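Q: I would like to learn how to read a model of this kind, feature by feature. Where should we begin?

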Amino acid sequence: MFFAFIAAYAGVLSLTLAFAALNLRHQREHGREVPSELAGVVEPERLARIEAYTRDGARLGMIERATSGVVTGVCLFAGPLVFYDRFIESIATTFAGRGVAFVLGLVLLSGIFGLPFSYYRSFVVEARHGFNRMSRGLFFADWLKGTGLSLVLVGLLSALAFWLVRALPGSWWLWVWLAFTGVSLALTFVAPYVIEPLFFRMEPLKIDALAGEVRALAERAGVHVRRVLQVDASRRSAHSNAYFTGLGRVKRVVLFDTLLSQMSHGEILAVLSHELGHWKKHHVLVRTLASFALSLVVAYVAFRAVSAPFVPGLVGASALSFPARLVVLAALASVLTFPLTPLGAAWSRHDEWQADRFAVELADCAPALASALAKLSRENLSNLHPHPLYAKFYYSHPPVTERIRALRHA
Ligand SMILES: [Zn+2]
(Lines give C-alpha, C1' and ligand atoms only; values in the text may rest on other atoms or scores of the structure.)
Protein backbone atom coordinates (compact mmCIF):
# COMPACT_ATOMS: atom_id res chain seq x y z
CA MET A 1 0.00 0.00 0.00
CA PHE A 2 2.80 2.39 0.98
CA PHE A 3 4.71 2.07 -2.29
CA ALA A 4 1.56 1.96 -4.41
CA PHE A 5 0.43 5.24 -2.85
CA ILE A 6 3.84 6.87 -3.43
CA ALA A 7 3.78 5.71 -7.04
CA ALA A 8 0.24 7.03 -7.61
CA TYR A 9 1.08 10.33 -5.92
CA ALA A 10 4.22 10.78 -8.01
CA GLY A 11 2.31 9.73 -11.13
CA VAL A 12 -0.35 12.41 -10.65
CA LEU A 13 2.29 15.05 -9.95
CA SER A 14 4.29 14.10 -13.07
CA LEU A 15 1.14 14.06 -15.19
CA THR A 16 0.13 17.58 -14.13
CA LEU A 17 3.61 18.86 -14.93
CA ALA A 18 3.66 17.01 -18.26
CA PHE A 19 0.29 18.54 -19.18
CA ALA A 20 1.58 22.04 -18.41
CA ALA A 21 4.75 21.42 -20.45
CA LEU A 22 2.68 20.08 -23.36
CA ASN A 23 0.54 23.22 -23.27
CA LEU A 24 3.61 25.46 -23.27
CA ARG A 25 5.16 23.61 -26.20
CA HIS A 26 1.96 23.90 -28.18
CA GLN A 27 1.99 27.64 -27.65
CA ARG A 28 5.66 27.91 -28.62
CA GLU A 29 4.80 26.18 -31.91
CA HIS A 30 1.55 27.97 -32.74
CA GLY A 31 1.57 31.12 -30.58
CA ARG A 32 2.41 33.48 -33.45
CA GLU A 33 -0.51 32.47 -35.67
CA VAL A 34 -3.35 35.01 -35.53
CA PRO A 35 -6.58 33.00 -35.06
CA SER A 36 -9.04 33.96 -37.81
CA GLU A 37 -11.69 34.69 -35.14
CA LEU A 38 -9.47 37.44 -33.76
CA ALA A 39 -8.16 38.93 -36.97
CA GLY A 40 -8.12 42.71 -36.64
CA VAL A 41 -8.37 42.58 -32.83
CA VAL A 42 -5.11 40.85 -31.99
CA GLU A 43 -2.06 41.87 -33.97
CA PRO A 44 1.25 39.94 -34.14
CA GLU A 45 2.91 42.27 -31.64
CA ARG A 46 0.13 41.44 -29.15
CA LEU A 47 0.62 37.71 -29.79
CA ALA A 48 4.28 38.05 -28.82
CA ARG A 49 3.20 39.67 -25.53
CA ILE A 50 0.60 36.93 -24.95
CA GLU A 51 3.24 34.26 -25.57
CA ALA A 52 5.72 35.84 -23.16
CA TYR A 53 3.07 36.35 -20.46
CA THR A 54 1.71 32.80 -20.79
CA ARG A 55 5.22 31.36 -20.67
CA ASP A 56 6.24 33.33 -17.56
CA GLY A 57 3.00 32.47 -15.76
CA ALA A 58 3.08 28.80 -16.72
CA ARG A 59 6.73 28.41 -15.71
CA LEU A 60 6.07 29.90 -12.30
CA GLY A 61 2.98 27.69 -11.96
CA MET A 62 5.02 24.60 -12.79
CA ILE A 63 7.78 25.52 -10.34
CA GLU A 64 5.21 26.10 -7.60
CA ARG A 65 3.35 22.87 -8.40
CA ALA A 66 6.57 20.85 -8.47
CA THR A 67 7.91 22.38 -5.24
CA SER A 68 4.68 22.04 -3.31
CA GLY A 69 4.18 18.52 -4.70
CA VAL A 70 7.64 17.39 -3.63
CA VAL A 71 7.49 19.12 -0.23
CA THR A 72 4.04 17.65 0.48
CA GLY A 73 5.22 14.23 -0.69
CA VAL A 74 8.28 14.34 1.56
CA CYS A 75 6.14 15.47 4.52
CA LEU A 76 3.66 12.66 3.94
CA PHE A 77 5.97 9.76 3.16
CA ALA A 78 9.32 10.50 4.77
CA GLY A 79 8.52 11.22 8.41
CA PRO A 80 7.70 14.93 8.96
CA LEU A 81 3.95 14.21 9.24
CA VAL A 82 4.55 11.70 12.05
CA PHE A 83 6.96 14.10 13.73
CA TYR A 84 4.46 16.98 13.48
CA ASP A 85 1.70 14.71 14.78
CA ARG A 86 3.74 13.78 17.89
CA PHE A 87 4.72 17.40 18.44
CA ILE A 88 1.06 18.52 18.44
CA GLU A 89 0.18 15.67 20.84
CA SER A 90 2.88 16.94 23.18
CA ILE A 91 1.64 20.55 23.29
CA ALA A 92 -2.17 20.08 23.37
CA THR A 93 -4.04 17.95 25.85
CA THR A 94 -7.66 17.57 24.74
CA PHE A 95 -8.94 15.84 21.59
CA ALA A 96 -10.47 19.04 20.17
CA GLY A 97 -7.44 21.14 21.22
CA ARG A 98 -5.08 18.78 19.38
CA GLY A 99 -7.29 18.78 16.33
CA VAL A 100 -7.49 22.57 16.19
CA ALA A 101 -3.75 23.03 16.77
CA PHE A 102 -2.99 20.44 14.08
CA VAL A 103 -5.20 22.12 11.49
CA LEU A 104 -4.17 25.70 12.30
CA GLY A 105 -0.50 24.76 12.05
CA LEU A 106 -1.11 23.40 8.56
CA VAL A 107 -3.04 26.50 7.49
CA LEU A 108 -0.22 28.73 8.72
CA LEU A 109 2.51 26.59 7.11
CA SER A 110 0.75 26.52 3.75
CA GLY A 111 0.15 30.30 3.93
CA ILE A 112 3.86 30.89 4.54
CA PHE A 113 4.84 28.41 1.83
CA GLY A 114 2.67 30.14 -0.76
CA LEU A 115 3.84 33.65 0.11
CA PRO A 116 7.08 33.79 -1.94
CA PHE A 117 5.33 32.36 -5.01
CA SER A 118 2.51 34.85 -4.81
CA TYR A 119 5.01 37.68 -4.22
CA TYR A 120 6.97 36.61 -7.30
CA ARG A 121 3.76 36.35 -9.34
CA SER A 122 2.67 39.90 -8.47
CA PHE A 123 5.96 41.76 -8.43
CA VAL A 124 7.87 39.91 -11.15
CA VAL A 125 5.50 38.14 -13.59
CA GLU A 126 2.49 40.47 -13.42
CA ALA A 127 4.69 43.55 -13.09
CA ARG A 128 6.83 42.59 -16.09
CA HIS A 129 3.72 42.44 -18.26
CA GLY A 130 2.15 45.62 -16.94
CA PHE A 131 -0.64 44.09 -14.84
CA ASN A 132 0.52 44.66 -11.30
CA ARG A 133 -0.80 47.82 -9.68
CA MET A 134 -0.23 46.68 -6.08
CA SER A 135 2.19 48.32 -3.69
CA ARG A 136 4.21 46.02 -1.45
CA GLY A 137 2.34 47.45 1.54
CA LEU A 138 -1.02 46.45 0.06
CA PHE A 139 0.32 43.00 -0.88
CA PHE A 140 1.45 42.21 2.65
CA ALA A 141 -1.68 43.75 4.17
CA ASP A 142 -3.78 41.46 1.92
CA TRP A 143 -1.72 38.43 2.95
CA LEU A 144 -2.03 39.24 6.66
CA LYS A 145 -5.78 39.83 6.41
CA GLY A 146 -6.32 36.71 4.28
CA THR A 147 -4.24 34.45 6.52
CA GLY A 148 -5.74 35.96 9.68
CA LEU A 149 -9.24 35.47 8.35
CA SER A 150 -8.63 31.83 7.43
CA LEU A 151 -6.99 31.13 10.81
CA VAL A 152 -10.06 32.53 12.61
CA LEU A 153 -12.62 30.79 10.37
CA VAL A 154 -10.78 27.46 10.21
CA GLY A 155 -10.07 27.66 13.95
CA LEU A 156 -13.73 28.12 14.85
CA LEU A 157 -14.99 25.53 12.37
CA SER A 158 -12.45 22.88 13.31
CA ALA A 159 -13.12 23.45 17.03
CA LEU A 160 -16.80 22.80 16.36
CA ALA A 161 -16.06 19.80 14.14
CA PHE A 162 -13.65 18.06 16.52
CA TRP A 163 -16.02 18.72 19.41
CA LEU A 164 -18.85 17.07 17.42
CA VAL A 165 -16.62 14.07 16.58
CA ARG A 166 -15.98 13.52 20.27
CA ALA A 167 -19.55 14.23 21.43
CA LEU A 168 -21.37 12.18 18.77
CA PRO A 169 -18.93 9.41 17.77
CA GLY A 170 -21.54 7.33 15.89
CA SER A 171 -23.03 10.05 13.69
CA TRP A 172 -20.60 12.96 13.59
CA TRP A 173 -20.36 12.88 9.80
CA LEU A 174 -23.96 14.09 9.55
CA TRP A 175 -23.62 16.82 12.22
CA VAL A 176 -20.29 18.08 10.93
CA TRP A 177 -21.77 18.24 7.43
CA LEU A 178 -24.84 20.12 8.69
CA ALA A 179 -22.66 22.59 10.58
CA PHE A 180 -20.32 23.21 7.61
CA THR A 181 -23.22 23.55 5.18
CA GLY A 182 -24.96 26.01 7.49
CA VAL A 183 -21.81 28.09 7.93
CA SER A 184 -21.06 28.16 4.20
CA LEU A 185 -24.64 29.27 3.43
CA ALA A 186 -24.38 31.97 6.09
CA LEU A 187 -21.03 33.07 4.63
CA THR A 188 -22.50 33.58 1.14
CA PHE A 189 -24.99 35.99 2.71
CA VAL A 190 -22.59 37.92 4.92
CA ALA A 191 -19.40 37.83 2.80
CA PRO A 192 -20.42 40.83 0.62
CA TYR A 193 -20.89 42.92 3.77
CA VAL A 194 -18.19 41.54 6.06
CA ILE A 195 -15.39 39.99 4.00
CA GLU A 196 -15.32 41.84 0.67
CA PRO A 197 -14.98 45.30 2.31
CA LEU A 198 -11.79 44.06 4.00
CA PHE A 199 -10.17 43.84 0.57
CA PHE A 200 -12.13 46.04 -1.85
CA ARG A 201 -13.87 49.37 -1.91
CA MET A 202 -17.30 49.00 -3.52
CA GLU A 203 -19.33 52.02 -4.51
CA PRO A 204 -22.47 52.57 -6.57
CA LEU A 205 -21.72 52.67 -10.29
CA LYS A 206 -20.95 56.27 -11.18
CA ILE A 207 -22.31 56.04 -14.73
CA ASP A 208 -26.08 56.48 -14.14
CA ALA A 209 -27.10 55.66 -17.71
CA LEU A 210 -25.26 52.32 -17.60
CA ALA A 211 -26.66 51.46 -14.15
CA GLY A 212 -30.18 52.02 -15.53
CA GLU A 213 -29.48 49.82 -18.55
CA VAL A 214 -28.09 47.06 -16.31
CA ARG A 215 -31.27 47.09 -14.18
CA ALA A 216 -33.53 47.10 -17.22
CA LEU A 217 -31.63 44.19 -18.79
CA ALA A 218 -31.87 42.15 -15.56
CA GLU A 219 -35.59 42.91 -15.13
CA ARG A 220 -36.17 41.61 -18.64
CA ALA A 221 -34.64 38.32 -17.51
CA GLY A 222 -36.79 38.38 -14.34
CA VAL A 223 -33.92 39.24 -11.96
CA HIS A 224 -34.27 42.18 -9.63
CA VAL A 225 -30.97 43.98 -9.18
CA ARG A 226 -30.80 45.88 -5.94
CA ARG A 227 -27.39 47.46 -6.35
CA VAL A 228 -25.06 48.04 -9.27
CA LEU A 229 -21.58 48.50 -7.87
CA GLN A 230 -18.14 49.25 -9.18
CA VAL A 231 -15.11 47.91 -7.38
CA ASP A 232 -11.63 49.43 -7.25
CA ALA A 233 -9.93 46.33 -8.70
CA SER A 234 -7.42 48.62 -10.42
CA ARG A 235 -5.72 49.16 -7.06
CA ARG A 236 -4.38 45.61 -7.36
CA SER A 237 -4.33 44.56 -10.97
CA ALA A 238 -5.16 45.68 -14.48
CA HIS A 239 -7.06 42.43 -15.18
CA SER A 240 -10.78 42.93 -15.79
CA ASN A 241 -13.98 41.09 -14.86
CA ALA A 242 -17.64 41.40 -13.80
CA TYR A 243 -19.93 39.24 -11.66
CA PHE A 244 -23.30 38.79 -10.01
CA THR A 245 -23.69 37.87 -6.35
CA GLY A 246 -26.59 37.08 -4.06
CA LEU A 247 -28.94 34.16 -3.60
CA GLY A 248 -32.64 34.23 -4.39
CA ARG A 249 -34.18 36.82 -6.66
CA VAL A 250 -32.35 39.93 -5.44
CA LYS A 251 -28.88 40.42 -6.83
CA ARG A 252 -25.89 42.69 -6.76
CA VAL A 253 -23.96 43.36 -9.91
CA VAL A 254 -20.28 44.10 -9.43
CA LEU A 255 -18.24 45.61 -12.27
CA PHE A 256 -14.46 45.96 -12.10
CA ASP A 257 -13.42 49.55 -12.77
CA THR A 258 -10.85 48.09 -15.20
CA LEU A 259 -13.71 46.57 -17.25
CA LEU A 260 -15.53 49.90 -17.32
CA SER A 261 -12.50 51.60 -18.80
CA GLN A 262 -11.90 48.94 -21.49
CA MET A 263 -15.36 48.25 -22.89
CA SER A 264 -18.30 49.98 -24.52
CA HIS A 265 -21.68 49.94 -22.75
CA GLY A 266 -22.96 47.45 -25.32
CA GLU A 267 -20.09 45.08 -24.56
CA ILE A 268 -20.56 45.40 -20.79
CA LEU A 269 -24.27 44.64 -21.15
CA ALA A 270 -23.43 41.60 -23.30
CA VAL A 271 -21.06 40.30 -20.59
CA LEU A 272 -23.79 40.82 -17.98
CA SER A 273 -26.33 39.02 -20.19
CA HIS A 274 -23.98 36.03 -20.11
CA GLU A 275 -23.75 36.27 -16.30
CA LEU A 276 -27.56 36.51 -16.12
CA GLY A 277 -27.63 33.28 -18.12
CA HIS A 278 -25.79 31.52 -15.30
CA TRP A 279 -28.52 32.61 -12.88
CA LYS A 280 -31.49 31.95 -15.10
CA LYS A 281 -30.24 28.49 -16.07
CA HIS A 282 -29.75 27.72 -12.34
CA HIS A 283 -26.06 26.98 -12.80
CA VAL A 284 -25.17 28.57 -9.47
CA LEU A 285 -27.97 26.81 -7.58
CA VAL A 286 -27.23 23.38 -9.11
CA ARG A 287 -23.51 23.79 -8.47
CA THR A 288 -24.13 24.76 -4.83
CA LEU A 289 -26.50 21.82 -4.26
CA ALA A 290 -24.07 19.43 -5.98
CA SER A 291 -21.22 20.60 -3.77
CA PHE A 292 -23.37 20.07 -0.66
CA ALA A 293 -24.28 16.57 -1.82
CA LEU A 294 -20.65 15.79 -2.63
CA SER A 295 -19.47 17.04 0.76
CA LEU A 296 -22.03 14.80 2.45
CA VAL A 297 -20.51 11.82 0.64
CA VAL A 298 -17.02 13.01 1.58
CA ALA A 299 -18.03 13.33 5.25
CA TYR A 300 -19.52 9.83 5.28
CA VAL A 301 -16.53 8.24 3.54
CA ALA A 302 -14.17 10.02 5.96
CA PHE A 303 -16.27 8.72 8.87
CA ARG A 304 -16.09 5.13 7.59
CA ALA A 305 -12.42 5.22 6.58
CA VAL A 306 -10.75 7.33 9.25
CA SER A 307 -10.32 4.58 11.83
CA ALA A 308 -9.52 1.85 9.31
CA PRO A 309 -6.32 0.02 10.27
CA PHE A 310 -4.71 0.53 6.83
CA VAL A 311 -4.57 4.35 7.05
CA PRO A 312 -1.25 4.89 8.91
CA GLY A 313 0.38 2.24 6.69
CA LEU A 314 -0.40 4.34 3.61
CA VAL A 315 2.34 6.74 4.67
CA GLY A 316 4.53 4.12 6.33
CA ALA A 317 3.55 5.06 9.89
CA SER A 318 2.56 2.66 12.68
CA ALA A 319 0.10 5.02 14.42
CA LEU A 320 -1.46 8.40 13.63
CA SER A 321 -3.84 10.72 15.45
CA PHE A 322 -7.34 11.45 14.17
CA PRO A 323 -6.44 14.72 12.36
CA ALA A 324 -3.31 13.17 10.80
CA ARG A 325 -5.43 10.30 9.48
CA LEU A 326 -7.77 12.85 7.90
CA VAL A 327 -4.80 14.48 6.16
CA VAL A 328 -3.67 11.11 4.76
CA LEU A 329 -7.20 10.39 3.51
CA ALA A 330 -7.39 13.84 1.91
CA ALA A 331 -4.13 13.19 0.05
CA LEU A 332 -5.42 9.80 -1.06
CA ALA A 333 -8.67 11.38 -2.25
CA SER A 334 -6.83 14.03 -4.25
CA VAL A 335 -4.88 11.30 -6.07
CA LEU A 336 -7.93 9.10 -6.67
CA THR A 337 -10.14 11.94 -7.93
CA PHE A 338 -7.53 13.41 -10.28
CA PRO A 339 -8.89 11.44 -13.27
CA LEU A 340 -12.27 13.14 -12.66
CA THR A 341 -10.80 16.62 -13.35
CA PRO A 342 -11.97 16.67 -17.00
CA LEU A 343 -15.54 15.79 -15.97
CA GLY A 344 -15.79 18.88 -13.76
CA ALA A 345 -14.22 21.01 -16.49
CA ALA A 346 -16.61 19.64 -19.14
CA TRP A 347 -19.60 20.35 -16.88
CA SER A 348 -18.42 23.93 -16.42
CA ARG A 349 -17.85 24.42 -20.18
CA HIS A 350 -21.34 23.09 -20.84
CA ASP A 351 -22.71 25.82 -18.55
CA GLU A 352 -20.65 28.48 -20.34
CA TRP A 353 -22.07 27.49 -23.73
CA GLN A 354 -25.56 27.65 -22.27
CA ALA A 355 -24.94 31.11 -20.78
CA ASP A 356 -23.61 32.37 -24.14
CA ARG A 357 -26.73 31.11 -25.92
CA PHE A 358 -28.96 32.63 -23.23
CA ALA A 359 -27.24 36.03 -23.64
CA VAL A 360 -27.86 35.98 -27.38
CA GLU A 361 -31.54 35.09 -26.89
CA LEU A 362 -32.08 37.68 -24.15
CA ALA A 363 -30.33 40.68 -25.65
CA ASP A 364 -29.63 39.76 -29.27
CA CYS A 365 -26.03 40.67 -28.48
CA ALA A 366 -23.93 38.11 -30.37
CA PRO A 367 -21.64 40.71 -32.05
CA ALA A 368 -21.21 42.69 -28.80
CA LEU A 369 -20.46 39.53 -26.79
CA ALA A 370 -17.98 38.33 -29.41
CA SER A 371 -16.15 41.66 -29.37
CA ALA A 372 -16.27 41.77 -25.54
CA LEU A 373 -14.67 38.30 -25.39
CA ALA A 374 -12.04 39.33 -27.92
CA LYS A 375 -11.23 42.47 -25.93
CA LEU A 376 -11.11 40.52 -22.64
CA SER A 377 -8.55 38.08 -24.08
CA ARG A 378 -6.55 40.86 -25.67
CA GLU A 379 -6.45 43.03 -22.54
CA ASN A 380 -5.84 40.11 -20.17
CA LEU A 381 -3.24 38.55 -22.54
CA SER A 382 -5.10 35.20 -22.42
CA ASN A 383 -3.51 32.22 -24.13
CA LEU A 384 -5.21 31.88 -27.52
CA HIS A 385 -3.46 28.61 -28.34
CA PRO A 386 -4.05 26.08 -25.57
CA HIS A 387 -3.22 22.49 -26.45
CA PRO A 388 -6.58 20.82 -27.27
CA LEU A 389 -5.95 18.05 -24.74
CA TYR A 390 -5.01 20.57 -22.03
CA ALA A 391 -8.14 22.62 -22.74
CA LYS A 392 -10.31 19.47 -22.58
CA PHE A 393 -8.75 18.42 -19.29
CA TYR A 394 -8.63 21.70 -17.38
CA TYR A 395 -10.48 24.56 -19.06
CA SER A 396 -13.55 25.75 -17.17
CA HIS A 397 -14.40 27.97 -20.17
CA PRO A 398 -14.38 26.92 -23.82
CA PRO A 399 -11.36 28.39 -25.65
CA VAL A 400 -12.26 31.95 -26.64
CA THR A 401 -11.78 31.32 -30.36
CA GLU A 402 -14.46 28.59 -30.21
CA ARG A 403 -16.87 30.89 -28.38
CA ILE A 404 -16.37 33.72 -30.86
CA ARG A 405 -16.84 31.33 -33.80
CA ALA A 406 -20.13 30.08 -32.30
CA LEU A 407 -21.32 33.66 -31.68
CA ARG A 408 -20.56 34.63 -35.28
CA HIS A 409 -22.81 31.80 -36.43
CA ALA A 410 -25.56 32.59 -33.88
ZN1 LIG B 1 -19.70 32.28 -17.63
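A: We can begin with burial. In this predicted model, buried residues make up 27% of the 410 residues.

Q: How far can the prediction be trusted, and where is confidence lowest and highest?
A: Look at the average, then at the extremes. The mean pLDDT of the protein is 93, and 98% of the residues score at least 70. Strand β3 (residues 242–245) has the lowest confidence, with a mean of 71, while helix α13 (residues 322–336) has the highest, at 97.

Q: What does the radius of gyration say about the protein?
A: The general idea is to compare it with the value expected for a compact globule of equal length. For 410 residues that value would be near 22 Å; the protein has 23 Å, so the two agree. Along the principal axes, the C-alpha atoms fill a box of roughly 65 × 50 × 40 Å.

Q: How many helices and strands are there?
A: There are 17 helices and four strands. Contacts then show how the chain is joined up. Of those between residues at least 6 apart in sequence, 74% join residues at least 24 apart.

Q: Which residues have the most contacts inside the largest nonpolar core?
A: That core has 47 residues, and the ones with the most contacts inside it are A270, L272, A359, C365 and L369. Several elements supply at least two residues each, among them α2 (44–77), β2 (224–231), β4 (250–256), α10 (265–280) and α14 (341–363). The most comes from α15, with eight residues. As a single case, take A270: beyond four places in sequence, A270 touches A359, A363, C365, A368, L369 and A372.

Q: How do I check the geometry of a helix such as α15?
A: Multiply out the rise and compare the result with the distance between the ends. At 1.5 Å a residue, the 15 residues of α15 should span 21 Å, and the end C-alpha atoms are 21 Å apart, so the helix agrees with expectation.

Q: Which residues of α15 are buried, and what do they pack against?
A: An α-helix has 3.6 residues a turn, so residues three or four places apart point the same way. In α15 the buried residues are A366, A368, L369, A370, A372, L373, A374, L376 and S377. Their packing partners are α10, α14 and α17.

Q: What comes just after α15?
A: A residue with a positive phi: L381, at about 50 degrees. L381 is not a glycine, and it lies in the loop between α15 and α16.

Q: Where else is there a positive phi in a residue that is not a glycine?
A: H282 has one, of about 60 degrees. H282 sits in the loop between α10 and α11 (283–305).

Q: Are these residues buried or exposed?
A: Count the other C-beta atoms within 10 Å; 20 or more means buried, 12 or fewer exposed. L381 has 22, so L381 is buried. H282 has 12, so H282 is exposed.

Q: What does a count in between look like, as for F393?
A: F393, in helix α16 (residues 388–394), has 19 C-beta neighbours inside 10 Å and therefore counts as partly exposed.

Q: Which residues is F393 in contact with, leaving aside neighbours within four places in sequence?
A: F393 is in contact with F19, T341, P342 and A345. Distance in sequence and distance in space can be read side by side here. F393 and P342 are 51 residues apart in sequence, and their C-alpha atoms are 4.3 Å apart in space.

Note on methods. Residues are numbered from 1 along each chain as its sequence is written. This is a predicted model: local features need pLDDT of at least 70, side-chain atom pairs count only at pLDDT 80 or more; totals for chains, interfaces and linings use all residues. A nonpolar core is a set of buried Ala, Val, Leu, Ile, Met, Phe, Trp, Tyr and Cys residues joined through C-beta atoms within 7 Å. Two residues are in contact if their C-beta atoms, placed from the backbone, lie within 7 Å. The radius of gyration is taken over C-alpha atoms; the globule rule is 2.2 Å times the number of residues to the power 0.38. The expected span of a helix is 1.5 Å times one less than its number of residues. pLDDT is the predictor's confidence in each residue, from 0 to 100.
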